[in-house]
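Colleague: I've just opened this one and don't know my way around yet. Can you walk me through it?

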Amino acid sequence: MAELPIPDLPPARCSGRFTISTLLGVEEGSRGPYTPTEGSSCDSVQPTHLSSSTLCTRTFGYNTVDEVPAYDHYANSKGVGDPRKGRPSLADLHSILKPDPGRLHTPVSDLQQSNGLPEAGLEEAEGEPGRDSVPEPVRFGWVKGVMIRCMLNIWGVILYLRLPWITAQAGIALTWLIILMSVTVTTITGLSISAISTNGKVKSGGTYFLISRSLGPELGGSIGLIFAFANAVAVAMHTVGFAETVRDLLQEHNSLIVDPTNDIRIIGVITVTVLLGISLAGMEWEAKAQILFFLVILVSFINYLVGTVIPATAEKQAKGFFSYRADIFAQNFVPNWRGPEGSFFGLFSIFFPSATGILAGANISGDLKDPAVAIPKGTLMAIFWTTVSYLVLSATIGACVVRDASGSLNDSVAVGSPGCEGLACSFGWNFTACSQQQSCRYGLSNYYQSMSMVSGFGPLITAGIFGATLSSALACLVSAPKVFQCLCKDQLYPLIGFFGKGYGRNSEPIRGYMLTYVIAIGFILIAELNAIAPIISNFFLCSYALINFSCFHASVTNSPGWRPSFRYYSKWAALFGAAVSVVIMFLLTWWAALIAFGIVIFLLGYVLYKKPDVNWGSSMQASSYNMALNYSVGLSEVDEHIKNYRPQCLVLTGPPNFRPALVDFVGTFTKNLSLMLCGNVLIGPRKQKMPESRLMADGHTKWLMKRKIKAFYTDVVAEDLRSGVQMLIQAAGLGKMRPNILVLGYKRNWRTASPQSLEDYVGILHDAFDFKYGVCLMRMKEGLNVSRVLQAHVDPTFEAAEHPKNGTGSKAAPGTAADPTALASEQQASTVFQSKQGKKTIDIYWLFDDGGLTLLIPYLLGRKKRWGKCKIRVFVGGQINRMDEERKAIVSLLSKFRLGFHEVHILPDINQKPRPEHIKRFDELIAPFRLNDGFKDEATVNEMRQGCPWKISDEEIDKNRAKSLRQVRLNEILLDYSRDAALIAITPPIGRKGRCPSSLYMAWLETLSQDLRPPIILTRGNQENVLTFYCQ
């Protein structure tokens, strides 16, 4: 990091770092305003462009292009390797700076603070000069935004109408146990929410945002959709609860509007319309309404507590209220089960929904000032205070009211009267008759309005019921559109994007509000929610289970990105919370739990099928990495065995889209079976080719994914083809997942290509054998390279010399291979390996025993559906006088391999002399490469061949004459037997290194495979067994 002199400039407003243009002016020694002056430094009294606070702040007085850490450098970060805002790139620091107008660095911000962090409350987006300032959106703190909202959603009609009855049934002790069990689940979930919400910046979307960004779009999307729907239906549930209470009041005063059912509908529609108006007025008005409801509930609760200490009137005593009495507390401390619901888990299922509602604050995460602080603090405080209120209510009402009372003033008796049974007798009341006949109308066990009766002023309890129901309805009416808006913006499901549009400074989802309103109206008009209510409860429990599982999963994957600032959580407690949530789902209503799971699985399957193009860094990705790493390391500890041999292929494709047939061929037999790695050698200077490598790698991988090829892509930059392939052969793979077969296309232009490229090509085959690789060459009549059709540059891999002018590659045509997006979206070329082959044949010419690889690849190919109807024929060489014996031996051997190859042909005429015209054609083929040395001695030949090692001496032609004629004869046999085959697999000859010139070896391959219509696979194993007939 070299120091740069500080230029002397006129006083100017500086924004924090060197720009590239400034540096160029300094480095190139420009004069004028960029000429450095002596003694310039941060402490200089002369005004400079980068002096004073800015340079000293950003570079602590050190004049360099580097920057100190700052908030803006990390905001809006996405994938690894994405450019960050404001930070100089590696090229800025490492390479020679060149003028590039597109990369001139615009000042990011006017950092006035000494630490480079933004002012509190500022958003990431910054206003542009000359642009009207956008009004600040309304943001809430932890009390107003989370705690009050959660408390209102947790409190409900159960607090007023069912908790006293539960206390009578289960007793104070078991009621506390029910409360604490419920709160344990919600508290664990609250801790999990706190951990997830403090692991990075939380945006709008609430529960859906937290789950989807933690577990991924599959589970997040499914739970987001049902959670938004559940909230919309919950609006109807709470509104109907309010409407029923109002209807009951009207009935008491004989003032029904129409009839009991239609009154609920009328009141419900009017109520939800008013709530919609409050929501549309903005979050500020909605928050004010929530505070009003909160105050009403607090007043009603205080009113109840005051009522418990006021001495009981005769009328209240007749209904079972006697103020605080130790013997009443003792009697109500133990359970007294009654009715069909009189069981512990029956009462637990009734109470548990009243402990839910802890997600109300998280659901408006986009409207909070600091969600990472507000959600943990507000949610946990809400759980604490509501738990206290439940415990206090059950204990106080259990100490004041007896279980049975008649309500009749005539039942007062003198204390100790004979025939009087029960605790009330000691207080002067005889409820024996109604208690024995179970006809008592009052008392904890019979009168749901006990709180209203106990309170100092009964109508305040009714107001509290109104506040609890309306606040819950309002919270759900706000939560549903907020969650749904985030889901719509992510576009995981079709046809819902319309509802994602936001309006105003808070980006209010008005369309979402209207949709929620329509859903709520629909369910209010049904006016019968008893069937749907259990499903809604199970939807919320699904959310709890997934939130807890998200926290557990993110913790157990040990991802470095899991760094929640909230530390008071446990991954095992989160797992326990997830399991208990699922158990409670089935305890509440087993059929509703099954329906909820069915819907989640259906939505999960849809997203898995569609595979949305999103990347949120979920814990599922981290888990996949962990599993792959663990299994890869585990493989290294296991010794290899022939039974587990898999053909792991390094396919020298160049850019994979240039040779789709080669990719499809290998992809067909390696899919879901073994490793396939597409290798590309970029030939040229590293400085020139490295940017191309980085740019293209992602596009090639996406192309493979779009073609449904399960393969990896890798490239290397090298000075020449052979050295690049050597790098790939040695370095490709990981542990035991390393290639053992080199697959490449046949070099069709070897006669016209540069001699050095011919030498390199054959040298690659020798290198593969040196590194114990098997080799598979593929030749097709129409060739493999379709780059000309794509009108893209040819990367010089294998066929680089087909275009001698572009020996090191040429620039790509605009919008083609240079653009990864265009590469992935280009039209896919069709190949023979993508179509069904019908009842053709796969012909295997197993001429030499290479370990069995020549047999194994066609066998794996034949197991695939497209090749399954092909008949596989095996041809082997033999002698005419021993044909039957040799055929029986090969059939016996193949049967032991269990390959299912039953058709075996012996070729007795393999060593016959080929036709003269074919011999002449071979001689003409090698004529341009002959040295014509006249059988001189080896030293003379080597001297004549200096600089052209591909030349063939007369002695080499003579020594290899029999081998050459065998290739000519084999080609004749192939044309006779396999002209109409779907595929030909044959064992090629091996040229001895240093003794067989590259041109002679290529002439053998050319002669062997020429004039054949079907694809031909020249396969040679590394002479080690890949097939076995032993069990161990």
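Colleague: How many disulfides does a search of the whole structure find?

Modeller: One disulfide turns up in the whole structure, counting a pair of cysteine sulfur atoms within 2.5 Å as a disulfide. This is a predicted model, where local features need pLDDT of at least 70 and side-chain atom pairs count only at pLDDT 80 or more, while totals for chains, interfaces and linings use all residues. Residues are numbered from 1 along each chain as its sequence is written, and side-chain values use heavy atoms, with hydrogens and water left out.

Colleague: OK, which cysteines does the disulfide join?

Modeller: Cys434 and Cys440, with 1.9 Å from S to S. The link is right-handed, at 80° about the S-S bond.

Colleague: Is Cys434 buried or exposed?

Modeller: Cys434 is buried, at 9% relative accessible area. Buried means under 20% relative accessible area, exposed means over 50%, and partly exposed is in between (1.4 Å probe, protein chains only). Cys440 is buried too, at 7%.

Colleague: And why is there no bond from Cys486 to Cys488?

Modeller: Because the sulfur of Cys486 is 9.3 Å from the one in Cys488, its closest cysteine sulfur, and that is too far for a bond. Cys486 is buried, with a relative accessible area of 8%.

Colleague: Switching to strands: what covers the two faces of β4, I mean which residues sit on each side?

Modeller: Ile741, Val743 and Gly745 are on one side, Leu742 and Leu744 on the other, and all are buried. β4 covers residues 741-745. The names come from DSSP runs numbered from the N terminus: helices are H or I with at least four residues, strands are E with at least two.

Colleague: Which way do β1 and β4 pair?

Modeller: In the parallel sense, over four bridges; two strands pair if DSSP finds at least two bridges between them. Val651 stands opposite Val743, and Leu652 has Leu744 as its bridge partner.

Colleague: What about the other neighbour, β5? How many bridges there?

Modeller: Five, again with β4 and β5 in the parallel sense. Val743 stands opposite Cys776 in β5. From β4 the chain goes through helix α26 (residues 755-770) to β5, a right-handed β-α-β crossover. Right-handed means that, with the strands pointing away from the viewer, the path from the first strand over the helix to the second runs clockwise.

Colleague: Back to β1, which strand do four bridges join it to, apart from β4?

Modeller: β2 (residues 676-683), running parallel with β1. Cys649 is opposite Met676 there. β1, helix α23 (residues 660-670) and β2 form a right-handed β-α-β unit. In β1, Cys649 and Val651 point one way, Leu650 and Leu652 the other, and all are buried.

Colleague: Now a helix. What do the buried residues of α18 pack against?

Modeller: α8 (217-252), α9 (260-280), α10 (283-309) and α17 (458-490). Among the buried residues of α18 are Tyr513, Tyr517 and Phe523. The helix has 17 residues (510-526) and reaches 25 Å from first C-alpha to last, close to the expected 24 Å, where the expected span is 1.5 Å times one less than the number of residues.

Colleague: Last thing: where does pLDDT stay under 50?

Modeller: Residues 1-57 are one such stretch, with 96 contacts beyond four places in sequence; contact means heavy atoms within 4.5 Å. Residues 101-132 also stay under 50. pLDDT is the predictor's confidence in each residue, from 0 to 100, and where it is low, the predicted coordinates should not be read in detail. The protein chain averages 80, and 83% of the residues score at least 70.
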